Amino acid sequence: MTNLSQIQSTILPELQKLNERISTHLRTDNALMNNVIDNFLRIKGKQIRPILVILSAKLLGQVNDNVIASASAVELLHNASLIHDDVVDDTKTRRGTTTINGLWDNHIAVLVGDFFVSTSLQEAISTGDPRAINAIANLGKLLSLGEIDQIYNARFNNLSEDAYFGVINRKTASLFVACVEMGCFAVNATDRQIQLLSRYAELLGLCFQIKDDIFDYFDDKKIGKPTGNDLREGKITLPLLHVLLTDRSEPMLKLSQKELLSEDEIMQLISYAKAHGGIDYAYRRMEQLYAQSVDILAQLPAGPNRDLFDSLFRYVISREN
């Protein structure tokens, strides 16, 4: 099973409760805020993060109200980060629809993002578990630091795989880890179970970001962003990074370090990464991460629920958007 809709179908009642809860807790007495939020919630993302919360709880216990509140907390914080990212990157469309800042303006988008953050914290508080509250608060810090790390690496040409994985660990994997932690906390999982699932989630999050970075090298409307967008923003991701570090082409290295790249230069770097095996290398790294996840999952309770975690990892590698 590598189809996300099949995975979602196994927890459909829980996802329905989650989406109803999110809508209810975002409802205000302000017509403009309600209008902006209703429009935003019309387009559902993959919801992989709350799926992880729910699957973690099902693997190690029973889904309860705290599980749904925890899933709501992480999904709200994730969406807040997307809203704020759209402002920072001046992104006008996401998932094929106009962003909040594209439809209204940056002022409203920042305020709505802040509202999502506060609601996320309220959801974490509602669980009554200080660990859940700390997980959400710490996650907000890590997401911000990940973005700052990425800006630093781009501006100072910090080209190394360690630096790259440090960035994606904070900006992406940290959210996946928080998801399984929240699910585990809600069902009183053991410290060992939390440790194992957290490591699985870290590997999954790294893999998710690598696949996102691969998308940047191909023209596909399903992806929802233009080819070379990362390079346009000064970000050198794994496919090109690997080739620059191994091929040691001085002209390509200098080109990659230019502050502003033309469209022709972006396509030149993309072609260079593809021709020298950058995409193949990124896929090999994802398969290595998957192999590690298999070893970790083998130490958790066997059964259909555990199999879903394996299916989710395979989906992340094979997904098309």
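In the predicted model described here, helix H3 gives the most to the lining of the largest cavity, contributing 3 residues. Helix H3, which spans residues 31–41, is one of the elements that each supply at least two residues of this lining, together with helix H5 (65–88), strand S2 (97–98) and helix H6 (100–103). In total, 15 residues line the largest cavity, and those that lie nearest its centre are Phe-40, Thr-97, Thr-98, Thr-99 and Ile-100. When the lining of the largest cavity is divided by class, 6 of its residues are nonpolar, 5 are polar and 4 are charged. The space that lies in the largest cavity amounts to about 170 Å³, and a search of the whole structure with a lower limit of 30 Å³ finds 1 cavity.

The packing of two further helices was also examined. Helix H8, formed by residues 130–155, and helix H9, formed by residues 161–186, have axes that come within 8 Å of each other and that cross at roughly 165°. Because an angle over 145 degrees counts as roughly antiparallel, the crossing makes H8 roughly antiparallel to H9. The crossing in which H8 passes H9 is left-handed. As for the composition of the contact of H8 with H9, the residues fall by class into 13 that are nonpolar, 4 that are polar and 6 that are charged.

Key
Residues numbered from 1 in each chain as written. Predicted model: local features only at pLDDT ≥ 70, side-chain atom pairs only at ≥ 80, totals over all residues. Heavy atoms only, no water. Axes fitted to C-alpha atoms, helices over the stretch in contact; angles between N-to-C directions. Helix = DSSP H or I, 4+ residues; strand = E, 2+ residues; numbered from the N terminus. Parallel < 35°, antiparallel > 145°, perpendicular 65-115°, else oblique. Left-handed = near helix turned anticlockwise from the far one by under 90°. Nonpolar A, V, L, I, M, F, W, Y, C, P; charged D, E, K, R; others polar. 1 Å grid on protein atoms, 1.4 Å probe; cavity = no way out; pocket = protein on both sides within 12 Å on 5 of 7 lines; lining within 4 Å. Points joined across faces, edges and corners; volume = space filled by probe spheres on them.
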